[in-house]
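Trainee: I have just opened this one and don't know my way around yet. Could you walk me through it?
Mentor: Gladly; have the sequence and the structure open side by side, and ask as we go.

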Amino acid sequence: MKLNYDDMFCYVLAELNKNKGIKSNKPQLSFRNRFEHIKRVFGWAKRIIVGVENCEEVVVLTAAIFHDSGYTKSSIVEHATIGKAIFLEYAKKNQFDLEFTNKVAYLIEHHSNKALLKNPDIPIELVVLLEADLMDEEGALGIVFDLLAEGYKTPDSYDSVFNEIMIHSAHILKQDYMVTPLAKKFWEQKKQFIETFIRDLKYDLFME
């Protein structure tokens, strides 16, 4: 079985374009691009998986590419369900091994259920995918997200921007989702960045 990640990315991009699923339907989130998110999750998975024992990297990385391929502009069907079907069609066309196909399909189907990270019985491949998905748009990128989203509302003071950051970016300060060693390390780095940013912003705004 031969895997071609570049071809997979092209296939997913074509599906998202066909189904008008790249952009969010929310105008205040027009800067978000789901295909770019997919590429970043793929990158996070490659970072996190280093040193994780008994984890099939090809399963994780393939699932990362297809995990959000099922977004459409108007479908009421869950994107994970559609994404699984898109992958199964691709696997059939490329004559993928059945065991490999089933493992990847399982990850795509369950990638939105972040509560599964607390379940010690889930496959380690799903753990890594869930972690990689959570890593994106947090920390420094989370701050950028908040600034762009709040900027759409044309705020008339820094107060509303600060509140947006406290509601969204700061939420990770109370969360310890991660399981694998590098994911824990990266998550702590993101939390430290947010803590420092909020402290300095409070100082600059004379809130302390």
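Trainee: Which residues are exposed on the other side of helix 1?
Mentor: Bearing in mind that this is a predicted model, the exposed residues on that side of helix 1 are Asp-6, Cys-10 and Lys-18.

Trainee: And which residues of helix 1 are buried?
Mentor: Those are Met-8, Phe-9, Tyr-11, Val-12, Glu-15 and Leu-16. Looking down the axis of helix 1, you find these buried residues within an arc of 165°, so they line one face of the helix.

Trainee: What do the buried residues of helix 1 pack against?
Mentor: They pack against three helices, namely helix 2 (34–48), helix 3 (57–66) and helix 4 (79–93).

Trainee: How many residues does helix 1 have, by the way?
Mentor: Helix 1 covers residues 5–18 and has 14 residues, and from its first C-alpha to its last it reaches 20 Å, which is close to the 20 Å expected at 1.5 Å a residue.

Trainee: Let's move to helix 3. Is Ala-63 buried or exposed there?
Mentor: Ala-63, which has its place in helix 3, counts as buried because its relative accessibility is 0%, and the cut-off for buried is under 20%.

Trainee: What is Ala-63 in contact with, leaving aside its neighbours within four places in sequence?
Mentor: With those neighbours set aside, Ala-63 is in contact with Val-104, Leu-107, Ile-108 and Leu-129. As for Lys-93, which is 30 residues from Ala-63 along the chain, the C-alpha atoms of the two are separated by 17 Å.

Trainee: New topic: which residue in the loop between helix 1 and helix 2 should I look at?
Mentor: Look at Lys-20, which is found in that loop and has a positive phi of about 55° although it is not a glycine. Lys-20 also counts as exposed, at 55% relative accessibility.

Trainee: And what about Phe-206, where does that one lie?
Mentor: Phe-206 lies in the segment after helix 9 (181–204), and its phi is likewise positive, near 55°, in a residue other than glycine. With a relative accessible area of 75%, Phe-206 is exposed.

Trainee: Last one: which residues make the nonpolar surface patch?
Mentor: Leu-141, Val-144 and Leu-148 make that patch, which is about 230 Å². Leu-148 belongs to helix 7 (residues 140–151), and its relative accessible area of 44% makes it partly exposed.

Note on methods:
Residues are numbered from 1 along each chain as its sequence is written. This is a predicted model: local features need pLDDT of at least 70, side-chain atom pairs count only at pLDDT 80 or more; totals for chains, interfaces and linings use all residues. Side-chain values use heavy atoms; hydrogens and water are left out. Patches are made of residues with over 30% relative accessible area and no salt bridge: like charges are joined within 9 Å, nonpolar side chains (Val, Leu, Ile, Met, Phe, Trp, Tyr) within 5 Å. Accessible areas come from the Shrake-Rupley method with a 1.4 Å probe; for residues, only the protein chains shown count as cover. A salt bridge is a side-chain nitrogen of Lys or Arg within 4 Å of a carboxyl oxygen of Asp or Glu. Helices (H or I, at least four residues) and strands (E, at least two) are DSSP runs, numbered from the N terminus. Buried means under 20% relative accessible area, exposed over 50%, partly exposed in between (1.4 Å probe, protein chains only). The expected span of a helix is 1.5 Å times one less than its number of residues. The arc is that of the directions from the helix axis to the C-beta atoms. Contact means heavy atoms within 4.5 Å.
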